[in-house]
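Please look over the sequence and structure shown here before reading on. The report that follows takes up the internal space first and then the charged side chains.

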Amino acid sequence: AMRLVGTVLLPAALTPLWTRPAALTLANHPLFIQLGTGCLPRGSLERNLLARTAILDGLESAAGNGATSAERDELRALLSAEKRRCAEDTAIWRTQCDAAGVTIDLPASEVEAGVACYNCGGSHYNIDCPDELAVAPSAVALSAYLRSTSTLAAAAAVLRDLAFVASTLVRAGLGGGAAYGELVSAHAARLPELADKCELVLTASEQSDDARAAEEYTTARSLLYAMIDSESGVAGLKSSAAAADDDGRSGGAALSLQEARKAIEAIEPGFLQSQDRNAQFLREEVLGAQVASAPQQQQQQQQRKAAAVDAAAAYLKAKQAANQPIGRDAQATLQDSRAALLAKQPGGGAKADAAKKYVALRKKQQAAQAYLAAKKAKEGGEKG
């Protein structure tokens, strides 16, 4: 059985694994936002082109795994054709970047300051050195995993997420600008077809091992997200298109990062109201941690504060047991902390109300003490 999820057609067992919010997480990533606004650094493009070839190699191998069928053979032929176009595509996209003035060359100010690549001595950063250009380890890992899979679930995850991102950028009017227009439009046109075909073949194959397919789908998605975030770390992608343009290595862009996200908001209402999606996918998809809801986070924060207060109380109790003097300030601070925690507890009843009154009184006392101390210090200064 198949269920339609937006534009995604997956076996019922895999349907819960693809969600629009998670895919928008990837579209919200600085790497893709800067690609869409046309200000992605040239060095990042070159590394991503190598990663693209590696991923296509893995996808082609994944399509050849498992039982043969006419549909699977057709999918593999489509992926093979896409892989053969890599050299032609790369030449076109590089030419467009050159025409838009997007290069790896350092700004004139840094060249004058003596900054140079320590690999070859050229006027570019070390990470962008053509002599050292190689497929990133994270891309190698993703490609290797795709080749090792026994179902098409991993390939479906990678193709659908990348297709969704490219389509979302185009729909939001973030078509890559003068530097990356051809690249973005090519992916928006070709990747959805490959993703559709892969999902249909995956469904038609009627995989008996749903657990294995689900594992491969989730793992591939995590590796893809890790690869994208790794490239951002290497390239030091900046938070706005304007900042990227300032360093002289981009061809300029009309939209800031926030403006670009607002463009996505226009076609995906609620996008900006959600929590920061890049941080969320790092925690959920890359690190594998579950993100707590707002009430849960508040409760956890309260628990951490309570633990700190308990630790302070235990420390003072230990000092008393050892017959060591305890300062009045320490005792007052502990009492204030306990009252503050009690006052914030929902449904605390009379005790919470009393604690709130105590906290309010203490704030007035502390303000008065601060005023008197300042006045005394000022008078002492005048006499001196």
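## The largest cavity

In this predicted model, the lining of the largest cavity is made up of 28 residues, and those that lie nearest its centre are Phe32, Arg52, Leu162, His187 and Leu191. The space within the largest cavity comes to about 500 Å³, and the count of cavities of 30 Å³ or more is 1.

Several helices contribute to this lining, since at least two residues each are supplied by α2 (30-37), α3 (42-64), α8 (153-171), α9 (177-204) and α10 (210-235). Helix α3 gives the most, with 8 residues. Sorted by class, the lining of the largest cavity holds 23 nonpolar residues, together with 2 polar and 3 charged ones.

## Salt bridges that begin in helix α3

Across the structure there are 20 salt bridges. One of them joins the side chains of Arg42 and Glu46, with an N to O distance of 2.9 Å, and both residues belong to helix α3, where they are 4 residues apart, or about one turn of the helix. Arg42 has a relative accessibility of 8% and Glu46 a relative accessible area of 11%, and because buried means under 20%, both residues count as buried.

Another salt bridge is formed by Arg47 and Asp128, whose closest N and O atoms are 3.1 Å apart. Arg47 lies in helix α3, whereas Asp128 lies in the loop between α6 (108-112) and α7 (137-148), so this pair ties together parts of the chain that are 81 residues apart in sequence. Arg47, at 10% relative accessibility, counts as buried, and Asp128 is likewise buried, with a relative accessible area of 6%.

## A link between α4 and α9, and a network

Which parts of the chain does the salt bridge between Glu82 and Arg190 tie together? The side chains of Glu82 and Arg190 meet at 2.7 Å, N to O. Glu82 is found in helix α4 (residues 70-84) and Arg190 in helix α9, so the pair ties together parts that are 108 residues apart in sequence. Both Glu82 and Arg190 are buried.

Salt bridges can also share partners, and in this way Arg42, Glu46, Arg94 and Asp98 are joined into one network. The pair Arg42 and Glu46, described above as a salt bridge within helix α3, is therefore to be read as part of that network, with Arg42 buried at 8% relative accessibility and Glu46 buried at 11% relative accessible area.

Terms used
Residues are numbered from 1 along each chain as its sequence is written. This is a predicted model: local features need pLDDT of at least 70, side-chain atom pairs count only at pLDDT 80 or more; totals for chains, interfaces and linings use all residues. Side-chain values use heavy atoms; hydrogens and water are left out. On a 1 Å grid over the protein atoms alone, a cavity is a set of points where a 1.4 Å probe fits but cannot get out, and a pocket is an open set with protein on both sides within 12 Å along at least five of seven lines; lining residues have an atom within 4 Å of a point. Grid points are joined across faces, edges and corners, and a volume is the space filled by probe spheres set on the points. Ala, Val, Leu, Ile, Met, Phe, Trp, Tyr, Cys and Pro count as nonpolar, Asp, Glu, Lys and Arg as charged, and the others, Gly among them, as polar. A salt bridge is a side-chain nitrogen of Lys or Arg within 4 Å of a carboxyl oxygen of Asp or Glu. Buried means under 20% relative accessible area, exposed over 50%, partly exposed in between (1.4 Å probe, protein chains only).
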